[in-house]
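Work through the exercises below with the sequence and the structure open. Try each task before reading its solution.

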Amino acid sequence: MKLVILIAFFSMLLQADGETIYKNKCASCHESFIPMGQLKENFVEYNNSKLKLKGPTLNQLSFRLKQNIGDPKGDEEIHIMEVVAFIQDYIINPDKQKSVCMKEVLDVFDTMPSLKGKISEDESEEVAEYIYHFEKNSLEKNSPQYTHFDNAQKRAQKEKKLIMVKATSEHCYFCKKMDREVFSEKEVLDRLSKGFISVEVDIDNKSLPATLKYEVTPTYFFLDTNAKQIKKVPGFWNKDDFLEILDKVQKIKKGDEK
Ligand code: HEC
């Protein structure tokens, strides 16, 4: 009996996880995470001459596959099965007619070579599930460090920073676009961590402090260390415009202090 458990345990250890399979069998062509803004620039303006990628990145694959295959708003378990089945089929029978990446991206590449005979069914399932979850997991890693609103003021006073409150909601397209294209960029993350305490409030689940009034999501509120509103900015902004907003907010604050 014990032996059976031991064998089961060791075979579990031997079965490589999705990330390892990705590193061994896909990473030579598919890099893992590059922020969307840089990818867009690379493919749309530079025809891939800037990053010289050998294939779409994993965050690109993960995002496009999830968006274009099956029903992204339906049951997650079913959606995972649909996307996994697509990936498992694609890597054995690649065909650009089936590809779902943006045209500008696909135009740059030749069709992926088939991995037939080079990957087992179990391995392709593991790696496909890893790709499915990749975008969400990588965005969580590449995002501002959020503080709870109750602690934000204390921290802002102590660290001499301003407060940024993001009002978002679950099915808000432009909130997610900002997360992908702006809040995952190193420049933005550096600026926020240096000058701001960031708070995220999902208004479907939590209410905003009563003093903060919004009409749409996303809305970004900038507050001073007394939690008094300095500026409110609704809607989608690209990286450069958002950096400019951060600049302006910090200048308004400096002006106040004179
Ligand atoms: C030798 C390079 C190479 C390797 C190795 C490789 N790929 Fe690809 N792959 C590409 C290129 C180039 C494309 C884009 C052209 C296309 O769609 O065929 C692509 C496209 C894809 C697509 C389709 C994207 C779409 O637009 O629908 C999937 C899915 C995919 N790869 C998964 C994988 C997985 C999983 C692995 C590892 C098990 C892997 N690839 C290994 C080069 C590679």
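**Exercise 1. Contacts of Val199**

Task: Find which residues Val199 is in contact with, leaving aside its neighbours within four places in sequence.

Solution. Keep in mind that this is a predicted model. Step one: start with the stretch before strand 1. Val199 is in contact with residues including Tyr146, Thr147, Phe149 and Ala152. Step two: move on to strand 1, which spans 162-168. Ile163, Met164, Val165 and Lys166 are also in contact with Val199. Step three: check the pairing. Val165 stands opposite Val199 in strand 2.

**Exercise 2. Strand 1 and its partners**

Task: State how strand 1 and strand 2 run, and how many bridges join them. Then do likewise for strand 1 and strand 3.

Solution. Step one: strand 1 and strand 2 run parallel, joined by 7 bridges. Leu162 shows one such pair, with Phe196 as its bridge partner in strand 2. Step two: turn to strand 3. Strand 1 pairs with strand 3 in the antiparallel sense, over 5 bridges. Here Ala167 stands opposite Thr219. Step three: ask how enclosed the strands are. In strand 1, 6 of the 7 residues are buried, so this strand is largely enclosed by the rest of the structure. Strand 2 also has 6 of its 7 residues buried, so strand 2 is largely enclosed by the rest of the structure.

**Exercise 3. The nonpolar cores**

Task: Determine how many residues the largest nonpolar core has, and which elements each supply at least two of them.

Solution. Step one: recall the background. In soluble globular proteins, nonpolar side chains tend to be buried together. Step two: count. The largest nonpolar core has 23 residues. Leu162, Ile163, Met164, Val165, Val199 and Phe222 have the most contacts inside it. Step three: assign the elements. Among the helices, helix 8 (149-159), helix 9 (173-181), helix 10 (186-195) and helix 11 (239-257) each supply at least two residues. Strand 1 (162-168), strand 2 (196-202) and strand 3 (219-223) do so as well. The largest share, 5 residues, comes from strand 1. Step four: look for another core. A second, separate core has 17 residues, including Ile21, Val84, Ala128 and Tyr130.

**Exercise 4. Val84 and Lys186**

Task: Decide whether Val84 is buried or exposed. Do likewise for Lys186.

Solution. Step one: place Val84 in helix 5. Step two: count its surroundings. Val84 has 21 other C-beta atoms within 10 Å. The cut-off for a buried residue is 20 or more, so Val84 is buried. Step three: list its contacts. Beyond residues up to four places away in sequence, Val84 touches Glu125, Ala128, Glu129 and Tyr132. Step four: take Lys186, in helix 10. Lys186 has 10 other C-beta atoms within 10 Å. The cut-off for an exposed residue is 12 or fewer, so Lys186 is exposed.

Step five: add two distances, C-alpha to C-alpha. Val84 and Glu159 are 46 Å apart in space and 75 residues apart in sequence. Lys186 and Leu208 are 27 Å apart in space and 22 residues apart in sequence.

**Exercise 5. The shell around the ligand**

Task: Describe the residues that surround the ligand by number, element and class.

Solution. Step one: 26 residues surround the ligand. The closest are Cys26, Cys29, Ser99, Cys101 and Met112. Step two: helix 4 (58-68) and helix 5 (76-92) are the elements that give two or more residues to this shell. Helix 5 gives the largest share, 3 residues. Step three: sort by class. The shell has 17 nonpolar, 5 polar and 4 charged residues.

**Exercise 6. Domains and the whole chain**

Task: Give the bounds of the two domains and describe the contact between them.

Solution. Step one: domain 1 covers 2-141 and domain 2 covers 149-257. Their C-alpha centres lie 33 Å apart. Step two: the contact takes 4 residues from domain 1 and 6 residues from domain 2. On the domain 1 side, 3 are nonpolar, 1 is polar and none is charged. Step three: step back to the whole protein. The secondary structure comes to 11 helices and 4 strands. The C-alpha atoms fill a box of roughly 70 × 55 × 30 Å along the principal axes. Of the 258 residues, 28% are buried. Among contacts between residues at least 6 apart in sequence, 73% join residues at least 24 apart.

Note on methods: Residues are numbered from 1 along each chain as its sequence is written. This is a predicted model: local features need pLDDT of at least 70, side-chain atom pairs count only at pLDDT 80 or more; totals for chains, interfaces and linings use all residues. A nonpolar core is a set of buried Ala, Val, Leu, Ile, Met, Phe, Trp, Tyr and Cys residues joined through C-beta atoms within 7 Å. Two residues are in contact if their C-beta atoms, placed from the backbone, lie within 7 Å. A residue is near a molecule or strand if its C-beta atom, placed from the backbone, lies within 6 Å of it. Ala, Val, Leu, Ile, Met, Phe, Trp, Tyr, Cys and Pro count as nonpolar, Asp, Glu, Lys and Arg as charged, and the others, Gly among them, as polar. Domain bounds come from an automatic or database domain assignment. Two strands pair if DSSP finds at least two bridges between them.
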